[in-house]
Amino acid sequence: LDNQTGQLLAMVGGTQWDTENQFNRAWQARRQPGSSFKPFVYIAAFMNGYSPASVVPDAPISIGGWSPRNYSRGYAGPVTLKTALTKSINTVPVRLAQAIGRDKIVDYAKAMGITTELKITRPLPLGVAEVTVLDMAAAYASFASGGLKVTPTAILEVRNSAGDIIYEQANDRPPPDRIFPEEKAAEMNDVLVNVV
């Protein structure tokens, strides 16, 4: 989607739309986003006193009998948040969630465009809550737009049988909400570019 207007530029949600199955996986299917949810944890951390240069230990952690591990099964010790997100380390976002509160992570994810329910659970920072692809695209667009909310839209205009415009999306769109400062978006974008 366009990160300024929210207009859907392309969407593929299924291949058999003309038959009985009109289920669109792009906006109807809910799946666990896994590590792609971690940037919501990090932006919440950036908004609560942390920076990409902040150092947090990558070490074993246990919360009420739940002990998340890294994919590598090893630990790197003290790492910057930039390194932790770049390498998709699991223990660091869990530690950040403990420090800032999972409710703040949910608040930012919702403000950015996640519309599905996000239950506050211990593994929330690791992307266990179910979301849609469209929600994730809208939420990530907040990083690309410099911290502004991007609301997806598929309808640009509606005309009646006489050809008169009865609805035009451009005239009905309120100014976007600022979710986080532009400099925080720049910090996150720098980290996300580093991931690639």
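Trainee: Where does Ser54 lie?
Mentor: Ser54 sits in the loop between α1 (38-46) and β1 (55-58). Helices (H or I, at least four residues) and strands (E, at least two) are DSSP runs, numbered from the N terminus.

Trainee: And what am I looking at, exactly?
Mentor: A predicted model, in which local features need pLDDT of at least 70 and side-chain atom pairs count only at pLDDT 80 or more, while totals for chains, interfaces and linings use all residues. Residues are numbered from 1 along each chain as its sequence is written, and side-chain values use heavy atoms, with hydrogens and water left out.

Trainee: Back to Ser54, then. Is Ser54 buried or exposed?
Mentor: Ser54 is buried, because its relative accessibility is 17%. The cut-offs are under 20% relative accessible area for buried, over 50% for exposed and partly exposed in between (1.4 Å probe, protein chains only).

Trainee: What does the side chain of Ser54 reach?
Mentor: The backbone nitrogen of Ser51, at 2.9 Å. A polar contact is a pair of N or O atoms within 3.5 Å; within protein, one must be able to donate a hydrogen and the other to accept it, and residues adjacent in sequence count only if both atoms are side-chain atoms.

Trainee: Which residues is Ser54 in contact with, leaving aside neighbours within four places in sequence?
Mentor: Val79, Thr80 and Leu81. Contact means heavy atoms within 4.5 Å.

Trainee: Different loop: where is Asn160?
Mentor: Asn160 is in the loop between β3 (157-159) and β4 (165-168). With a relative accessible area of 31%, Asn160 is partly exposed. Its side chain reaches the backbone nitrogen of Ala162 at 3.0 Å.

Trainee: What about Val158?
Mentor: Val158 is in strand β3. Val158 also counts as partly exposed, because its relative accessibility is 32%.

Trainee: Zooming out, how many helices and strands does the chain have?
Mentor: Seven helices and four strands. From the N terminus the order is α-β-β-α-α-α-α-β-β-α-α. The C-alpha atoms fill a box of roughly 70 × 40 × 30 Å along the principal axes. Of the 196 residues, 39% count as buried. Among contacts with a separation of 6 or more, 68% are between residues 24 or more positions apart.

Trainee: Which residues touch the most other members in the largest nonpolar core?
Mentor: Phe40, Tyr42, Val92 and Ile105, in a core of 37 residues. α1, α2 (81-86), α3 (91-100), α4 (102-112), α5 (133-144) and α7 each supply at least two residues of this core. The most come from α1, which gives seven. A nonpolar core is a set of buried Ala, Val, Leu, Ile, Met, Phe, Trp, Tyr and Cys residues joined through side-chain atoms within 4.5 Å.

Trainee: Take Ile105. What is Ile105 in contact with?
Mentor: Neighbours within four places aside, Ile105 is in contact with Phe37, Phe40, Val41, Ala44, Ala97, Ile100 and Leu124.

Trainee: How many residues of α3 are buried?
Mentor: Seven of its 10, so α3 is mostly covered. The buried residues are Thr91, Val92, Pro93, Val94, Leu96, Ala97 and Ile100. They pack against α1, β1, β2 (77-80), α2 and α4.

Trainee: What follows α3?
Mentor: Gly101, whose phi is positive, near 100°.

Trainee: Last one: where is Val196?
Mentor: In the segment after α7 (182-195). Val196 is exposed, with a relative accessible area of 90%. Its C-alpha atom is 8.1 Å from that of Thr86, although the two are 110 residues apart along the chain.
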